[in-house]
Amino acid sequence: MKHCTVPHRSFFIRRLPIWAILLALFTLLIPSATYAEYGDVILNKRAEKAGMRPVIFPHWFHRIRFKCNVCHTEIGFKMRASANEIRMADIVNGKFCGACHNNQIAWGPENCQLCHSGLPGLKSGIRGGDATGGPGKW
Amino acid sequence: MKKECVAKRFIAVCVGLSIAQATLGAEPTSKIKSYWLPLTQDELHDPANPSLKLLQNPAEALSVLPRDGSGDQVNWVQALRNGNIKPRLNIRSSTQAEVFDLDVLFRNTDEMNMVNFPHKQHTEWMICSTCHEVIFKSKAGATKFGMLDILNGEYCGRCHGAVAFPLTECNRCHNVPRTRAEIPDRAY
């Protein structure tokens, strides 16, 4: 294989085109995978199996109106996506989302499509913005 | 110059630019376009859902808040302190909270700057029992954890990287420099 003007010895220089293309493709992939808003949670453990769209929980919307401890201490949502076993019957009975979504603090659970608003096929977990999709297991 | 050379240099420049974009692209102005997408375009909400138009779009709510260079581009601590937002503290009147102004210094950070943990910013958003004794023991030094745990979504990583500023913001936590003499020896 012929080289520019100086004979290069380094593996990385000799193999520049291959690893460079791979790296370029990899770095181009990073921003394209993060369209959702930072901290959005997808709940789809049961929704689609029951014939509903997945639930999208927007953290940004809720933290404007409530401090963290309301949901994560008072209501008892574990800080781990998919760790909470949330059933619609519980919500209707005033647990989990239903602690507020009861037509008193926020709109009630009969407004199905407002929560069940996700694209079909989404996997449960935390999504979104800059570095949410890091190496962790949120 | 040979074609191969030109191609190599072009690729090298592309790589450089894309790395720079990925690492330095924290300027809020350049990010506004790709953040706060309308719900119909965020690849999460189903545009076919007729109720979508009833939901608030993030740009409407977030663009008026103090700006930050990472996460959802909002400086939430500042937003709270400025009174831009007034989130409710409780839905049960029994829940009481007070801001607790105590800094905890984490010295065991290898060659990185030491970490100063401010209770103040955290207790403005949460009450003691949100973290104690669930995630952290109250006694200083009693909870042993490392950066790998945090990157794996434990301890600080429960929130940071998910809803609070992300783990790419090293210096926001590692913000107490130590002198050269204090840096522990590394074995290479």
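Reader: I'm looking at helix 4 of chain A; is it mostly covered or mostly open?
Author: In this predicted model, helix 4 of chain A is mostly covered, since 7 of its 8 residues are buried.

Reader: Which residues of helix 4 are the buried ones?
Author: The buried residues in helix 4 of chain A are A:Cys68, A:Asn69, A:Val70, A:Cys71, A:His72, A:Thr73 and A:Glu74.

Reader: And what do those buried residues pack against?
Author: They pack against a part of the other chain, namely helix 6 (128–131) of chain B. Just after helix 4 of chain A comes A:Gly76, and the phi of this glycine is positive, near 95 degrees.

Reader: How many residues does each chain put into the contact between A and B?
Author: Chain A contributes 54 residues to the contact, and chain B contributes 57 residues. On the side of chain A that touches chain B, the elements giving two or more residues are helix 2 (16–32), helix 3 (59–65), helix 4 (68–75), helix 6 (112–115), strand 3 (125–127) and helix 7 (129–132) of chain A.

Reader: Which of those gives the most?
Author: Helix 2 of chain A does, with 10 residues on the side that touches chain B. Sorted by character, the residues on that side of chain A are 31 nonpolar, 13 polar and 10 charged.

Reader: Changing topic: what can you tell me about the largest nonpolar core?
Author: The largest nonpolar core holds 17 residues, and the ones with the most contacts inside it are A:Ile42, A:Leu43, A:Val55 and B:Cys159. Strand 1 (40–43) and strand 2 (55–57) of chain A each provide at least two residues of this core, and the largest share, 3 residues, is that of strand 1 of chain A. There is also a second, separate core of 11 residues, which includes A:Ile64, B:Leu62, B:Leu65 and B:Trp76.

Reader: You mentioned A:Leu43, so where does it sit, and why does it count as buried?
Author: A:Leu43 is in strand 1 of chain A. A:Leu43 counts as buried because 21 other C-beta atoms lie within 10 Å, and the cut-off for buried is 20 or more.

Reader: Which residues does A:Leu43 touch, apart from those up to four places away in sequence?
Author: With those set aside, A:Leu43 touches A:Pro54, A:Val55, A:Phe57, A:Ile86 and A:Ser124. If you want a pair that is separated along the chain, A:Leu43 and A:His116 are 73 residues apart in sequence, while their C-alpha atoms are 9.0 Å apart in space.

Reader: In what order do the strands of the chain A sheet come?
Author: In chain A, 3 strands form an open sheet in the order 2-1-3, with antiparallel pairing. Strand 2 and strand 3 of chain A are the edge strands, each pairing on one side only, and neighbouring strands of this sheet are turned by 30 degrees against each other on average, direction ignored. Strand 1 and strand 3 of chain A pair over 3 bridges, and A:Asp40 has A:Arg127 in strand 3 as its bridge partner.

Reader: And what about chain B: how many helices and strands are there?
Author: Chain B has 8 helices and 3 strands, and buried residues make up 22% of its 188 residues. In chain B, 3 strands form an open sheet in the order 1-2-3, and the pairing is antiparallel. Strand 1 (103–106) and strand 3 (174–176) of chain B stand at the edges with a single partner strand each, so one side of each has no neighbour in the sheet. Neighbouring strands of this chain B sheet are turned by 55 degrees against each other on average, direction ignored. Within the sheet, strand 2 (residues 114–118) and strand 3 of chain B pair over 2 bridges, and B:Val115 stands opposite B:His174 in strand 3.

Reader: What is unusual in the backbone, and which geometry should I compare against?
Author: Most residues other than glycine have a negative phi, and most peptide bonds are trans. Against that background, the peptide bond from B:His132 to B:Glu133 is cis, with omega near -10 degrees, and B:Glu133 lies in the loop between helix 6 and helix 7 (147–151) of chain B.

Reader: Which residue of chain A, not a glycine, has a positive phi near 50 degrees?
Author: That is A:Phe96, which is in the loop between helix 5 (88–92) and helix 6 of chain A. A:Phe96 counts as partly exposed because it has 19 C-beta neighbours inside 10 Å.

Terms used:
Residues numbered from 1 in each chain as written. Chains lettered and ligands numbered in written order. Predicted model: local features only at pLDDT ≥ 70, side-chain atom pairs only at ≥ 80, totals over all residues. Contact = placed C-beta atoms within 7 Å. Helix = DSSP H or I, 4+ residues; strand = E, 2+ residues; numbered from the N terminus. Nonpolar A, V, L, I, M, F, W, Y, C, P; charged D, E, K, R; others polar. Buried ≥ 20, exposed ≤ 12 C-beta atoms within 10 Å, placed from the backbone. Core = buried A, V, L, I, M, F, W, Y, C linked by C-beta atoms within 7 Å. Pairing = 2+ DSSP bridges. Axes fitted to C-alpha atoms, helices over the stretch in contact; angles between N-to-C directions.
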